[in-house]
Amino acid sequence: MLASLIIVFREVLEAGLIVGIVLAATQGVPGRGRSISLGIVGGMVGSCIVAAFADGISSLFADTGQEMFNATVLLIAVVMLAWHNAWMAQHGRELARDMKAVGRAVQSGEKSLAALAIVIGVAVLREGSEVVLFLTGILASDEGGIATVATGGLGGMALGAVVSVLLYAGLLQIPTRHLFATTTWLLTLLAAGMAATAVNFLAQGGILMAGGTVLWDTSDVLRDNSLVGQALHVLVGYTDRPTEAQLIAYVGVVVGILLLTRWAASGAPPSNNSHVASAAE
Amino acid sequence: MRRVSLLSAAFGIALSGAALVHAIPAQAADTVTIVIKDHKFEPAEVKVPANKRVTLLVDNQDATSEEFESGEMKVEKIVGGRKQIKVMVGPLKPGRYPFFGEFHEATAQGVVIAE
């Protein structure tokens, strides 16, 4: 019973940390509660659908459906995060400095929120479908039945929620003028880590054949399947045995988002320019 | 709403690519079968050639799903109840590469030995 609680917690933790960062990143953006809830609920509904069709998905594309699905979902999130950061570079300062500017930014703000809702949705979808498969498996077997499922499911979700709230509360301790810069960095590293994970799925599916050499091994220091390692994996993309392809994807996404943010900031109203540049640093 | 339409779009694109993927001739690679039964791997120790790409065929004979996972081999894949999956690993340097079933970690433990 404890084992099932831990498994559910670990899956919820991954999605929960992303929700915590997104909540902190959208401080002061109107309508964020609705978008984020929509992302979570949509992800949960999607989880059940994905779990129901898991075998079908898995057998697609010469049995690489699972890898393709995971990689696609992660890359969608990377694109959405890049988009959001570019949007923040253009409008974030207005939001932080002058709440009256919010009215003007609402329309594009909704677009950015939609992007983040998608990020949350796919994160919940990916981790959630594993939870559903695991719990329905227990339900179908004689390992513990409904009591185990209830304890594991509800307990794990509650624990995961607590950790995301703690992260959110911690991020809110950062003074507002630094908060956007911090969350922008967190979202950038989050995207880079997702890209590196996506690359790994492509390699596992045999779609990406190059760059499989492991560059270094820090598993004696911190294993990426330990709780701390897993949290760092979500937050900054930590992995104990990165491959060449993973490093290239990671650095590529960081540089790509930085360039995109600079470019978006340069297109912002001139009065904003210096502030935005410093926010991106 | 938007998420759903984007996802289905992505799936549509992926689906249209299915024929293409199938057209690529299968890689001539060694395949090693690992059976899951009663939440245990059989054999729990498999030997594979080093420095070569190898396909692991994981055959789950249990009714419950399992997640075949290994940090050492950088593999993470769900295998449904009474289903099989293939995972590509390597090329592996000579050594021991433990793997486990995440959903039943207490009993589902194994190791790939590359030599």
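Analyst: Start with a cut-off: a residue counts as buried when its relative accessible area is under 20%. One caution before we use it: this is a predicted model.

User: What share of the residues in chain A is buried?

Analyst: Chain A has 281 residues, and 56% of them are buried.

User: Which secondary structure does chain A hold, and how many elements of each kind?

Analyst: Chain A has 10 helices and 0 strands. Read from the N terminus, its elements run α-α-α-α-α-α-α-α-α-α.

User: How do I read the contacts by their spacing along chain A?

Analyst: Take the contacts between residues at least 6 apart in sequence. Of these, 78% join residues at least 24 apart.

User: Now the nonpolar core. What is the general idea, and which residues have the most contacts inside the largest one?

Analyst: In soluble globular proteins, nonpolar side chains tend to be buried together. Here, the largest nonpolar core has 55 residues. The residues with the most contacts inside it are A:L17, A:I18, A:V22, A:L81, A:L187, A:M194 and A:V253.

User: Which helices of chain A each supply at least two residues of this core?

Analyst: In chain A, α1 (2-25), α2 (32-52), α4 (65-97), α5 (101-140), α6 (145-172), α7 (176-204), α8 (227-236) and α9 (244-266) each do so. The top contributor to this core is α7(A), with 12 residues.

User: Let me zoom in. Which residues is A:M194 in contact with, leaving aside neighbours within four places in sequence?

Analyst: On that count, A:M194 contacts A:I18, A:L74, A:A77, A:V78 and A:L81. Another core, of 23 residues, lies apart from the largest one. Its members include B:V48, B:L56, B:V89 and B:A114.

User: Take A:L190 next. Where is its place, and is it buried or exposed?

Analyst: A:L190 sits in helix α7 of chain A. Apply the cut-off from the start: its relative accessible area is 2%, so A:L190 is buried. Leave out residues up to four places away in sequence, and A:L190 touches A:I18, A:L81, A:V234 and A:L235.

User: How many residues separate A:L190 and A:G237 in sequence, and what is their distance in space?

Analyst: The two are 47 residues apart in sequence. From C-alpha to C-alpha, A:L190 and A:G237 are 6.3 Å apart.

User: On to the interface. How should I read its size?

Analyst: The size of an interface is often given as the accessible area lost when the parts come together. In this case, about 3,400 Å² is buried between chain B and chain A. Carbon and sulfur atoms give 61% of that area. The contact draws 49 residues from chain A and 35 residues from chain B.

User: How many residue pairs are in polar contact across the interface of chain B and chain A?

Analyst: The rule finds 13 such pairs, with both residues at pLDDT 80 or more. Now look at the side of chain B that touches chain A: α1 (2-16), α2 (18-23), β6 (75-79) and β7 (84-89) of chain B each supply at least two of its residues. The largest share, 8 residues, comes from α1(B). By type, that side of chain B divides into 16 nonpolar, 8 polar and 11 charged residues.

User: Last, charge pairs. How many salt bridges are there over all chains, and how many between chain B and chain A?

Analyst: The whole structure has 8 salt bridges. Between chain B and chain A the count is 4.

User: What does a salt bridge inside one chain look like here?

Analyst: A:R241 pairs with A:D217, their closest N and O atoms being 3.6 Å apart. A:R241 lies in the loop between α8 and α9 of chain A, and A:D217 in the loop between α7 and α8, so the pair ties together parts that are 24 residues apart in sequence. A:R241 is buried, at 7% relative accessible area. A:D217 is partly exposed, at 43%.

User: Why does the salt bridge of B:E72 and A:R223 join two chains?

Analyst: The side chains of B:E72 and A:R223 meet at 3.3 Å, N to O. B:E72 lies in the loop between β5 (66-70) and β6 of chain B, while A:R223 lies in the loop between α7 and α8 of chain A, so this pair joins two chains. B:E72 is buried, at 17%, and A:R223 is partly exposed, at 29%.

User: Which residues do salt bridges that share partners join into one network?

Analyst: First, one more pair: B:E72 also forms a salt bridge with A:R241, at 3.3 Å, N to O. This pair crosses from the loop between β5 and β6 of chain B to the loop between α8 and α9 of chain A. Both B:E72 and A:R241 are buried. Through shared partners, A:D217, A:R223, A:D240, A:R241 and B:E72 form one network.

How values were computed
Residues numbered from 1 in each chain as written. Chains lettered and ligands numbered in written order. Predicted model: local features only at pLDDT ≥ 70, side-chain atom pairs only at ≥ 80, totals over all residues. Heavy atoms only, no water. Contact = heavy atoms within 4.5 Å. Buried area = accessible area lost by both parts, 1.4 Å probe. Polar contact = N/O pair within 3.5 Å; in protein donor to acceptor, adjacent residues only side chain to side chain. Helix = DSSP H or I, 4+ residues; strand = E, 2+ residues; numbered from the N terminus. Nonpolar A, V, L, I, M, F, W, Y, C, P; charged D, E, K, R; others polar. Core = buried A, V, L, I, M, F, W, Y, C linked by side-chain atoms within 4.5 Å. Buried < 20%, exposed > 50% of the residue type's maximum accessible area, 1.4 Å probe, protein only.
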